[in-house]
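Colleague: I'm new to this one, so please walk me through it. Can I put it up on the screen?

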Amino acid sequence: MSTLLQECQQPITAPRPRDRVAAQGATPRASARHQPAASVPHCPVEAPRARWRVILGSIVVTLREWRRRSVARRELAYFDERILRDIGIHRSIVEYEMRQSFWRPLRDWRD
């Protein structure tokens, strides 16, 4: 028989006198062991690991985006004049993009 079922079958007992003396200055509150198991509210608790997974997941997404931007700028630098003309981008725009930091998003120069 599980411990929870055993607690349900035991009679509810009043707090001992020394418990009352310790709690005189504080607000009286009942502890879970003095209540039947059915009256204790069931509140699902999010595990701390789940929060860390969300945080680490967002960090990984950010790092991948920065890497993609860095690679895109490097590839843009290797394009020759013919390809840049086909795309519609001037060489000065490529030089400007190469000076930008990896955390800055690429601009859409085709407008």
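Colleague: Which residues form a nonpolar patch on the surface?
Modeller: W52, I55, L56, I59 and L63, with about 500 Å² of accessible area together (Shrake-Rupley, 1.4 Å probe, only the protein chains shown as cover). Patch members have over 30% relative accessible area and no salt bridge (Lys or Arg side-chain nitrogen within 4 Å of an Asp or Glu carboxyl oxygen), and nonpolar side chains are joined within 5 Å. This is a predicted model: local features need pLDDT of at least 70, side-chain atom pairs 80 or more, while totals use all residues. Numbering runs from 1 along each chain, and side-chain values use heavy atoms, without hydrogens or water.

Colleague: Where does L56 lie?
Modeller: In helix 3, residues 48-77 (a DSSP run of H or I, at least four residues). L56 counts as partly exposed because its relative accessibility is 49% (the class between 20% and 50%).

Colleague: New topic. How many aromatic pairs are there?
Modeller: Two in the whole structure (ring centres within 6.5 Å). W66 and F102 are edge-to-face (planes over 60 degrees apart), at 5.1 Å centre to centre and 70°.

Colleague: What does that pair tie together?
Modeller: W66 is in helix 3 and F102 in the segment after helix 5 (91-99), so the pair links parts 36 residues apart in sequence. F102 also pairs edge-to-face with W103, at 5.0 Å and 85°. W66, F102 and W103 form one aromatic cluster.

Colleague: And which helix has the lowest mean pLDDT?
Modeller: Helix 1 (residues 3-9), at 54, on the predictor's confidence scale from 0 to 100. Helix 4 (residues 81-87) has the highest, 91. The protein's mean is 75, and 56% of its residues reach 70 or more.

Conventions:
Patches are made of residues with over 30% relative accessible area and no salt bridge: like charges are joined within 9 Å, nonpolar side chains (Val, Leu, Ile, Met, Phe, Trp, Tyr) within 5 Å. Helices (H or I, at least four residues) and strands (E, at least two) are DSSP runs, numbered from the N terminus. Buried means under 20% relative accessible area, exposed over 50%, partly exposed in between (1.4 Å probe, protein chains only). Rings of Phe, Tyr and Trp (its six-membered ring) pair if their centres lie within 6.5 Å; planes under 30 degrees apart count as stacked, over 60 as edge-to-face and the rest as tilted.
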